[in-house]
Amino acid sequence: MNQPNPEKTARKPKATQKAKNAPAKAGGRQEAKTGRAKPAPKAQAPAAEARGADNARRKPFYSRTRRPQQKQKNGSAAIPMHIIPLGGLGEVGKNITLYECQGDMMIVDCGLVFPDSDMFGVDLVIPDFTYVVQNKDKIKGVIITHGHEDHIGALPYLLKQVNLPVYATRLTIGLIKNKLEEHGLLGRTKLVEITPRRKFKLGCFSIEPIHVNHSIPDAVAFAIECPAGIVLQTGDFKVDYTPLSGGPTDLAAFAEYGKKGVLALLSDSTNAERPGFTATEKKVAQSFANLFRRADKQRIIIATFASNIYRIQQIIDLAVENGRKVAVSGRSMANNTQMALELGYLHAPEGVLIDIEQLNKYPPEKIVLITTGSQGEPLSALSRMAASSHRSVHVGPGDFIIISATPIPGNEKMVTKVVNGLLLLGAEVIYESMYDVHVSGHACQEEQKLILTLTAPRFFLPVHGEYKQLKKHAMTAESLGIPAGNIHIAEIGQDIRLSADGLETGDPVPAGAVMVDGLGVGDVGNVVLRDRRHLSQDGLVIVVATVSADGRLLAGPDLVSRGFVYVRESEELMEEARKLVIQCFERCHSEHAHDWNSLKTRVRETLSAYIYRRTKRSPMILPILMEV
């Protein structure tokens, strides 16, 4: 039987994908004691058939190591599990995945994503929790891979709707506590500390955290074992053989599960387009040491992510070595630094850390300032420094500024604006790839291959990335011998049914994006965004008039322009527009068109046509009629 194309089946709500290497009922002999079927003779992978007979004779790497998945003892259909991604696919951020087996549910991660430039006024974008709320009685808890915003940022918004226990490592819990305290949820939320290699249970799920390297300490992958089989979810990871702390990624644990037999692997795809290996953090340490020597007589300001505890520790160590004091700027940076010091993830000798208000007490060459704003965020500390609006820090020619981060796609213009502002003030700025001042926290292709080879999954689901990254990761998996029919690029909200019998996709569940604007959650939708986009492009013209009950114009009309034209310089245009509106009211009165909606529509159409003819612009036109 030919294998279906996974990309095509992903678009069909009830498409079915049966793996060719599933244990065949006719080809295997049932063992009396274990109820485990012996594997049938290996079939050719579809990809190999397409390449010709020579390649077809090659065995995929995993077929030599994986054990057959266990079936029911009575020979009936295998127990299924459901994996439902509610975010993190086709996008960078907003990671959240729902698992279900035998009526029990759990959630892995609960992140947010920052708005695009066309989401005017929106502060944050979080997942749609509709399906989670509908099934709140089945959900046993939330488990978190690490403490970055795209994995924990939406937790407060979820916990406001559903009270669930949260399981995370020590540092991640510290970061979560800061968030919950801001939202007034800390007292009512159960936080459970987990450690690598120590299993815990949630309903029918047995979960083992596995230590992985990332750009933040205490990151873990999860081995999720349930009656349907074993699923591995890597979270964000890389393989660093010389990490600054915590030891390398626990490859032995991945290999152990590979020998047991992994039903499915969900793996980080962020760097799937990059060949080779991700550089070690020690490369950054050496580069920073050279830059500190170069800035011997200058004040050093370093912008980095507030959660990058490794980078902050590197900076503190170099400051101590060079006889400098360290201050931090930015609310999130100050909170995270204080929390990491209290938990023992950061270490600084007595007297090295000073308050930002004490900067002027020391000569500039004795100061290192760590700040937020590496992505050019408009309200961040570094952006305010570039605009000369920071309360405590005034940038000038004696400053040496290092932006220790790579711009997230879409943030390049904001970062460039900040760099230009700092350069105009006379500072020396090191940014982007001028020096090795940043390394990624995500695995490149060779590291992804290593995890795929060690775990030997029967099914592979690339996650955490835009579609082009998911597709590239899928191609990498196929190049290692995983059949194309066993690789599935999922969509947000898709119900993926996995079992020893195969992979199927069911009806999608409610999922998507919810926008947070100020205190409002979900009250800004596509219609509001469309209006904001319209206002940002062409502005607004308001028509105010007083009308009698029979439609006769009594006063006005007055035209008010906002974001369209400067009225004092366009008096002729506005006067002509006013005359047209008067004529429109007169026609409506003579035609006995007294309906309010009809009046407003005709005023809007008349004015819109005239303005476009004169200016080639289409401002939003808002008639306000008062009846007397």
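Guide: Helices here are DSSP runs of H or I with at least four residues, numbered from the N terminus. Gln445 is found in one of them, helix H14. The model is a predicted one.

Visitor: Why is Gln445 called buried?

Guide: The relative accessible area of Gln445 is 13%, and buried means under 20%. The value is under the cut-off, so Gln445 counts as buried.

Visitor: Which residues does Gln445 touch?

Guide: Leaving aside residues up to four places away in sequence, Gln445 touches Asn271, Ala272, Glu273, Arg274, Pro275, Gly276, Lys472 and Thr476. Contact is counted for heavy atoms within 4.5 Å.

Visitor: What makes Asp595 partly exposed?

Guide: Asp595 has a relative accessible area of 47%. Under 20% would be buried and over 50% exposed. The value falls in between, so Asp595 is partly exposed. The residue lies in the loop between helix H17 (571-590) and helix H18 (596-615). Gly551 is 44 residues away from Asp595 in sequence, yet the two are 8.2 Å apart in space, C-alpha to C-alpha.

Visitor: What makes H8 oblique to H14?

Guide: The axes of helix H8 (residues 251-260) and helix H14 (residues 445-455) cross at roughly 40 degrees and come within 7 Å. Angles under 35 degrees count as roughly parallel, and roughly perpendicular covers 65 to 115. The crossing angle fits neither class, nor is it over 145, so H8 is oblique to H14.

Visitor: Which residues of H8 and H14 meet?

Guide: From H8 come Leu251, Phe254, Ala255 and Gly258, and from H14 come Leu450, Ile451, Leu454 and Thr455. The residues of this contact divide into six nonpolar, two polar and no charged. Gly counts as polar in this scheme, so Gly258 goes with the polar residues.

Visitor: Why is strand S20 described as largely enclosed by the rest of the structure?

Guide: Strand S20 (residues 495-499) has five residues, and four of them are buried, so the rest of the structure largely encloses the strand.

Visitor: What makes S20 and S21 a pair?

Guide: Pairing needs at least two bridges found by DSSP. Five bridges join S20 to strand S21 (residues 502-506), so the two strands pair. They run antiparallel, and a hairpin joins them through two residues. Asp495 stands opposite Gly506 in S21. Strand S2 (residues 81-87) passes the test as well: three bridges join S2 to S20, again antiparallel. There, Met81 stands opposite Leu498 in S20.

Visitor: Why are S15 and S18 placed at the edges?

Guide: Strand S15 (325-329) and strand S18 (428-430) each have a single partner strand, so one side of each is left without a neighbour in the sheet. The sheet is open, with five strands in the order S15-S16-S14-S17-S18 and parallel pairing. Within it, strand S14 (residues 299-303) and strand S17 (residues 399-403) are joined by five bridges, and Ile301 has Ile401 as its bridge partner in S17.

Visitor: Which helices lie across strands of that sheet?

Guide: Helix H9 (residues 281-294) lies across S14, strand S16 (367-371), S17 and S18, at about 165 degrees to S17. Angles over 145 degrees count as roughly antiparallel, so H9 is roughly antiparallel to S17. Helix H11 (residues 331-343) lies across S15 and S16, at about 125 degrees to S15. That angle is outside 65 to 115 and not over 145, so H11 is oblique to S15.

Visitor: What makes S9 and S19 edge strands?

Guide: Strand S9 (200-202) and strand S19 (459-463) each pair on one side only. They belong to an open sheet of six strands with mixed pairing, in the order S9-S10-S11-S12-S13-S19. Strand S12 (residues 229-233) and strand S13 (residues 264-268) pair in the parallel sense over three bridges; Val231 has Ala264 as its partner in S13. Helix H15 (residues 467-479) lies across S13 and S19 at about 150 degrees to S19. The angle is over 145, so H15 is roughly antiparallel to S19.

Visitor: Which residues have the most contacts inside the largest nonpolar core?

Guide: They are Ile107, Phe129, Leu155 and Ile402, in a core of 65 residues. Helix H10 (residues 309-321) gives the largest share, six residues. A second, separate core has 57 residues, including Cys101, Leu202, Leu470 and Ile487.

Note on methods
Residues numbered from 1 in each chain as written. Predicted model: local features only at pLDDT ≥ 70, side-chain atom pairs only at ≥ 80, totals over all residues. Heavy atoms only, no water. Core = buried A, V, L, I, M, F, W, Y, C linked by side-chain atoms within 4.5 Å. Buried < 20%, exposed > 50% of the residue type's maximum accessible area, 1.4 Å probe, protein only. Axes fitted to C-alpha atoms, helices over the stretch in contact; angles between N-to-C directions.
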